[in-house]
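Student: Please take one part of this model and look at it closely, namely how the interior is packed. Place it in the context of the whole chain, and add some sites outside it for contrast.

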Amino acid sequence: MPDRPILFSAPMVRALLAGTKTQTRRVLKPQPETFQLESGDDCLVYLVHAEGESVPRVAMGDGRCGVITLQKVPFAGGDRLWVKETWRTHRIWDADKPSYLIHGSRVWYEADERDNCDQHGKTRVSIFMPRWASRLTLTVTDVRIERLQDISTADVLAEGAALDPYHRDGTQDGSNPYMCVGDRPHTSQSPRAWYHRLWDSINGAGAWDANPWVVAVSFDVRKGNIDA
């Protein structure tokens, strides 16, 4: 199976390190041009893994038969993903491009608590992190396609939502056992509201309301470089 890089923001890296994030969702590009079935229902969008291909293709139909498109998704079960995140090296290397840095040079990660060391160099964006500097490796266990707003509470929690330890369920039937830490001190919000805000913060205002097709990727997390 191929190795692929994947980018995560600092809060999501912290969730990976804490063991609370085991899923991620990425917008499917381009978006499928769906059609209606003879029943009048919208067609299903799903993945088909053709023999001899390393990644699955997007298919549309009733789930039993349909159209297999040319579009592929960049993830498949068994893939290893090495995490790219915002980082720094020693300040003496600030004039050098990442490709020129010596393998094994000191690396500081923006997701970590900052210390008072005065040797930190300039901030380097995640997309330019070299493979040798990555400290997290993900092994893909499942890949599927769904509408963004179809995410379940269990899946939101797997996306790394921080649960509010002080929340008390006020319902009669226990139907709302989870609340997540809010975006202001001493507030909490539903898991769905938490993910709504997270998605818009990453993809822009209105991105949640657009309800795009997304690739939902589940994975196991290993702390360590992919080549270690």
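Tutor: A contact is counted when heavy atoms lie within 4.5 Å. By that criterion, and with residues up to four places away in sequence left out, proline 74 touches Arg4, Val55 and Asp79. The model is a predicted one. Proline 74 sits in the loop between strand S5 (66–72) and S6, and it counts as partly exposed because its relative accessibility is 46%. One of its contacts, valine 55, is 19 residues away in sequence, with a C-alpha to C-alpha distance of 6.4 Å.

The overall frame comes next. The protein has 228 residues, of which 42% count as buried, and its secondary structure comes to 3 helices and 12 strands. The C-alpha trace spans about 65 × 55 × 30 Å along its principal axes. Among contacts with a separation of 6 or more, 65% join residues 24 or more positions apart. About 12800 Å² is exposed, and carbon and sulfur atoms supply 52% of that area.

Now the interior. In soluble globular proteins, nonpolar side chains tend to be buried together. The largest nonpolar core here holds 37 residues, and the members touching the most other members are Phe8, Val83, Leu138, Trp194 and Tyr195. Two or more residues each come from helix H1 (10–18), strand S4 (57–61), strand S6 (80–84), strand S9 (136–147), helix H2 (153–158), helix H3 (191–203) and strand S12 (213–223). Another core, of 7 residues, lies apart from this one and includes Val107, Tyr109, Met129 and Trp132.

Phenylalanine 8 deserves a separate look. Beyond four places in sequence, its contacts are Val13, Leu16, Lys21, Thr24, Arg26, Val83, Lys84, Glu85 and Leu138. Val83 and Leu138 appear in that list, and both are also among the core residues with the most contacts to other members.

Which residues of H1 are buried? They are Met12, Val13, Ala15 and Leu16. These four lie on the same side of H1, because the arc they cover around the axis is only 160 degrees. An α-helix has 3.6 residues a turn, so residues three or four places apart point the same way. The cover over the buried residues of H1 includes S6, S9, H3 and S12. Glycine 19 follows H1 and has a positive phi, near 85 degrees.

For contrast, consider the surface. Leu7, Val125, Ile127 and Phe128 make a nonpolar patch of about 370 Å². Within that patch, isoleucine 127 belongs to the loop between strand S8 (107–109) and S9. Isoleucine 127 has a relative accessibility of 48%, so it counts as partly exposed.

Is aspartate 42 buried or exposed? Its relative accessible area is 56%, so it is exposed. Aspartate 42 lies in the loop between strand S2 (23–27) and strand S3 (44–48). Neighbours within four places in sequence aside, its contacts are Phe35, Gln36 and Leu37. Arginine 222 is 180 residues from aspartate 42 along the chain, and their C-alpha atoms are 39 Å apart.

Methods. Residues are numbered from 1 along each chain as its sequence is written. This is a predicted model: local features need pLDDT of at least 70, side-chain atom pairs count only at pLDDT 80 or more; totals for chains, interfaces and linings use all residues. Side-chain values use heavy atoms; hydrogens and water are left out. A nonpolar core is a set of buried Ala, Val, Leu, Ile, Met, Phe, Trp, Tyr and Cys residues joined through side-chain atoms within 4.5 Å. Buried means under 20% relative accessible area, exposed over 50%, partly exposed in between (1.4 Å probe, protein chains only). Patches are made of residues with over 30% relative accessible area and no salt bridge: like charges are joined within 9 Å, nonpolar side chains (Val, Leu, Ile, Met, Phe, Trp, Tyr) within 5 Å. Accessible areas come from the Shrake-Rupley method with a 1.4 Å probe; for residues, only the protein chains shown count as cover. A salt bridge is a side-chain nitrogen of Lys or Arg within 4 Å of a carboxyl oxygen of Asp or Glu. The arc is that of the directions from the helix axis to the C-beta atoms.
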